[in-house]
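Let's take a friendly walk through this structure, starting with the nucleic acid and ending with the protein helices. Please keep the 3D view open as you read.

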Protein chains: 2
Amino acid sequence: MLGAMTEEPTTRDRLIQTATRLFRQRGYEGAGLSEILAEAGVPKGSLYHHFPDGKADLACAAADWTASEIIRVIDDSFRAAPDWRHGVTTFCYKMAKLFDILNSADACPIFGLLFDGPDQDRFRAQAEQSFDRIIATAARYGETLGLSPAAAHDAAETFIIGFQGSWTLARTRRKSDVLRGLPKRLYGPA
Amino acid sequence: MLGAMTEEPTTRDRLIQTATRLFRQRGYEGAGLSEILAEAGVPKGSLYHHFPDGKADLACAAADWTASEIIRVIDDSFRAAPDWRHGVTTFCYKMAKLFDILNSADACPIFGLLFDGPDQDRFRAQAEQSFDRIIATAARYGETLGLSPAAAHDAAETFIIGFQGSWTLARTRRKSDVLRGLPKRLYGPA
DNA sequence: GCACGTCTAGACCAATCGGTCTAGTCTTTT
DNA sequence: AAAAGACTAGACCGATTGGTCTAGACGTGC
């Protein structure tokens, strides 16, 4: 077996994905271990086999997995984009669609990387690394589209900051338009 | 006794303020009731006298109190501002100072209004109302400073959205510059 | 001076928390 | 076929959770 070449979800992956969803819905402390295990259909023993440090380990794995998913969406949005604004717009629309699928109730997948649990510094460091990966990915597309390295990094930060806040507002209002309106907010009328 | 005319903090107020801080630091589920009570120096009985529905009631009161505090800072920032950008800048600097005082570890006071606990809809509705109060306050200053009602509301939303995201990024990096850099990000070089 | 509403005080409770541990079941290697 | 890991399975644990309930302290109107 050479790792993740097969397609059916392994126990470990099912655990991570279920945990990701529940952490996003209820927060780190709000999502009970037994609830996660029950929904994933995995016994306690397996959890502590794959994640020796238990819940905290699982949360970090969930954050990492989430960051990779976000990066995948960024890739999908910018790969064929003719310019920066188009990439941002596509991303926002994709995420607005996700927002609607998620019942409009979940925390922002990106923000959700920052857990509020104990072990503050471990979670903070994990979130910082994930954020940087996300911003760096967006910045790379900025450079590809003609921006200077500094300008690209700045544009990527502004983009992610704006997205963050937009998701929060969208969540309190249960309306995804806020997300779709972000490009206009950031860059003016098209 | 005619309500809140005296100055020394009542049991109820001590409870709200302690709860606000702990919710901000550890989230709704993360902040234990006994911890809140111990730090506030208040017994269980008093809590359930003032807040019959317990933790959920307390959380809503905390959200409300926080919104009022934010509005106070908005007032202080915009009252004497010569234009919109100055108001936003002053607000960002005041909040950056607060961020540093808070050890750079707490959740955004505004975002923190949105609790991740159970009773989702009650908390969501409470947060929506508080957000609207905050945005409406900022928008009013926008109008005073010459913007049309629609433009003022839009500017206020953009401002709060940007602030939200900036605090999050500042928190993961433990650096308050992100907050101070928001006006330039939103409105270009001064 | 006693009765009544407000508020404080904390013992107590069932339920749940995250985590440990032993037992058993596969799969792979020899 | 025997031995050895990898992994699953869940009973069990002490600690803590939010919440209830009774008892008393304090002030105020009669």
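## The surface near DNA strand C

Sorted by class, the residues of the surface near DNA strand C are 4 nonpolar, 8 polar and 3 charged. Please bear in mind that this is a predicted model. Strand C is surrounded by 15 residues, and the closest are Leu33(A), Lys44(A), Lys55(A), Thr11(B) and His49(B). Of the atoms of DNA strand C that come within 4 Å of the protein, 55% belong to sugar and phosphate. Helix H3 of chain B gives the largest share of this surface, with 5 residues. At least two residues each come from helix H2 (33-40) and H3 of chain A and from H3 of chain B.

Which atoms of the protein lie beside phosphate oxygens of strand C? For Leu33(A) it is a backbone N or O atom, 2.6 Å from a phosphate oxygen of the strand. Lys55(A) uses its side chain instead, with a polar atom 2.5 Å from a phosphate oxygen of strand C. From the other chain, Thr11(B) has a side-chain N or O atom at 2.4 Å from a phosphate oxygen of this strand.

## The surface near DNA strand D

Turn now to DNA strand D, which also has 15 residues around it. The closest are Thr11(A), Leu33(B), Lys44(B), Tyr48(B) and Lys55(B). Within 4 Å of the protein, 58% of the atoms of strand D are from sugar or phosphate, and the rest are from bases. By class, this surface holds 4 nonpolar, 8 polar and 3 charged residues.

Chain A reaches phosphate oxygens of strand D through two side chains: an N or O atom of Thr11(A) is 2.3 Å away from one, and for His50(A) the distance is 3.0 Å. In chain B, a polar side-chain atom of Tyr48(B) sits 2.7 Å from a phosphate oxygen of strand D. The elements giving two or more residues here are helix H3 (44-50) of chain A, and helices H2 (33-40) and H3 (44-50) of chain B. The largest share, 5 residues, is that of H3(A).

## Where H6 of chain A meets H7 of chain B

Away from the DNA strands, let's look at how helices of the two chains pack. Helix H6 (residues 120-144) of chain A packs against helix H7 (residues 149-173) of chain B at about 120 degrees, and their axes are 8 Å apart. The two helices are therefore oblique to each other, and their crossing is left-handed.

On the H6(A) side you will find Arg124(A), Ala127(A), Glu128(A), Phe131(A), Asp132(A) and Ile135(A), which meet Thr168(B), Leu169(B), Arg171(B), Thr172(B) and Arg173(B) of H7(B). The classes here are 4 nonpolar, 2 polar and 5 charged residues.

## The pairing of H7 with H7

How do the two H7 helices pack? H7 (residues 149-173) of chain A and H7(B) form an angle of about 115 degrees, with axes 7 Å apart. This makes H7(A) roughly perpendicular to H7(B). Their crossing is right-handed.

Residues of H7(A) in this contact include Glu157(A), Ile161(A), Gly162(A), Gly165(A) and Arg173(A), and those of H7(B) include Glu157(B), Ile161(B), Gly162(B), Gly165(B) and Arg173(B). By class, the contact of H7(A) with H7(B) has 4 nonpolar, 10 polar and 4 charged residues.

Technical notes. Residues numbered from 1 in each chain as written. Chains lettered and ligands numbered in written order. Predicted model: local features only at pLDDT ≥ 70, side-chain atom pairs only at ≥ 80, totals over all residues. Heavy atoms only, no water. Near = heavy atom within 4 Å. Polar contact = N/O pair within 3.5 Å; in protein donor to acceptor, adjacent residues only side chain to side chain. Helix = DSSP H or I, 4+ residues; strand = E, 2+ residues; numbered from the N terminus. Nonpolar A, V, L, I, M, F, W, Y, C, P; charged D, E, K, R; others polar. Axes fitted to C-alpha atoms, helices over the stretch in contact; angles between N-to-C directions. Parallel < 35°, antiparallel > 145°, perpendicular 65-115°, else oblique. Left-handed = near helix turned anticlockwise from the far one by under 90°. Contact = heavy atoms within 4.5 Å.
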